[in-house]
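Q: Could you take a close look at one helix pair in this model for me? I'd also like to know what sits around that part and how far to trust it.

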Amino acid sequence: MRARPVCIIGAALLSLAAAPGAAGAEDGGAGPGAADAGAAAAATPAGLVDPDAPTAALRADKTEAHVGDPIRVSVVTVAKAGVPVNLPGTFDLGPFTLLGRDDTVEQNLGDGRIRREFVLRVAAYEPGEVQLPPIDVTYLGARGEVKTVRAGGLAIKIASLIANEPEPALKDAATPVSVMEENRIPLYVGVALLAAGVGALISFFVVRKLRARRGERPGPPPRPAHEIALERLDRLGALGFLENADNRPFYFAISEVIRDYLGARYGFDSLELTTDELIAELRRHAGRELILGEIQGWLSACDLVKFAKVSPSASESRGALESAIRIVTLTRPAPVVAAAPAAGGGGVEARHA
């Protein structure tokens, strides 16, 4: 029965000891540490802690570097497998400059968590103890809202490239040294030009002597246009004609043969001319000695097949071939007649086609 009064007395003493502290807090007499603790408790109550928040840490491959040296900074996060984590599009690097970003490395830790490493390449251009500020990492909450966690900053020492910094000074001027060097480039150039000239002179005389020894042989004369045209027409006729086949390609080929022949025969480019332009050129170059009416009618019939898409029969195709041979035969040059020396009081004539 004595234990209960002792407990009551102890409780009373504890309440009296706590009462001045509470009163001091209300009067503003509490220390700054107590105020900060209260503010922290109010800012992060236990009910607002996000269980899906990832952990984030900031690392660098070196703690000391020179001005302008690239530094590899890694933002390492560990989050649940279903929580997307990424770096924001822009972030503050303080005195550092972003040189580039490498590919993100992901690793499945096997316990339902994913480790991600975001790699940045940065550089600083001012010497001294430089602070890389914290970097925020974004992630999606359970309701799809964007949240952030912060990876703590780093201190990196940047050394100057100047040896006697912070009081740089120029080195003492070195004593000038006289250097004598023989320049043989003009000699080499002169010898090369002389050798080239001698070689060219020898080549000229050798070629001249060889040409004088063997002489210049003229090449064979070109074949007459009508021989080439008749040969091409003969090859087209050897292909034969079919009654139930499309004979339009035959008309295309035979028309090209005659147009090419007329241009070569009378000396003008005829393949790109229309029928009217071709007849006008023939009238200008050949005059009235040509059967212009027959040629114009034959070319017009070929144009009708080509442009009106009319498929002629086998007999019509054979007749077109015969007309083409007739055009070439009637317009070829006249045969040359040479008189042979008289023998026994008679004259002999040689006819050459």
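A: Here is the helix pair, followed by the sheets and the confidence values. This is a predicted model, where local features need pLDDT of at least 70, side-chain atom pairs count only at pLDDT 80 or more, and totals for chains, interfaces and linings use all residues. Residues are numbered from 1 along each chain as its sequence is written, and side-chain values use heavy atoms, with hydrogens and water left out.

Let's start with helix α5 (residues 248-266) and helix α8 (residues 314-331), whose axes come within 11 Å and cross at roughly 5 degrees. Axes here are lines fitted to C-alpha atoms, for helices over the stretch in contact, with angles from 0 to 180 degrees between N-to-C directions. Helices (H or I, at least four residues) and strands (E, at least two) are DSSP runs, numbered from the N terminus. That crossing makes α5 roughly parallel to α8, a label for angles under 35 degrees.

On the α5 side, the contact (heavy atoms within 4.5 Å) is made by Phe250, Tyr251, Ile254, Ile258, Tyr261, Arg265 and Tyr266. α8 brings Glu316, Ser317, Ala320, Leu321, Ala324, Val328 and Thr331. Sorted by type, the residues of this contact come to 10 nonpolar, two polar and two charged. In that scheme Ala, Val, Leu, Ile, Met, Phe, Trp, Tyr, Cys and Pro are nonpolar, Asp, Glu, Lys and Arg are charged, and the others, Gly among them, are polar.

Now for the sheets. One is open, with three strands in the order β2-β11-β8 and mixed pairing; strands pair if DSSP finds at least two bridges between them. β2 (64-66) and β8 (128-132) each have a single partner strand, so one side of each is left without a neighbour in the sheet. The twist averages 35 degrees from one strand to the next. β8 runs antiparallel to β11 (residues 154-159), joined by five bridges, and Glu129 stands opposite Lys157 in β11.

Another open sheet of three strands goes β4-β9-β10, with antiparallel pairing. β4 pairs with β9 (residues 135-140) over two bridges, and Asn86 has Thr138 in β9 as its bridge partner.

As for trust, mean pLDDT (the predictor's confidence in each residue, from 0 to 100) is 76 for the protein, with 76% of its residues at 70 or more. Confidence is highest in strand β7 (residues 113-124), at 92, and lowest in helix α2 (residues 32-43), at a mean of 32. Residues 1-47 stay under 50, and so do residues 343-353. Where pLDDT is low, the predicted coordinates should not be read in detail.

How values were computed:
Angles under 35 degrees count as roughly parallel, over 145 as roughly antiparallel, 65 to 115 as roughly perpendicular and the rest as oblique.
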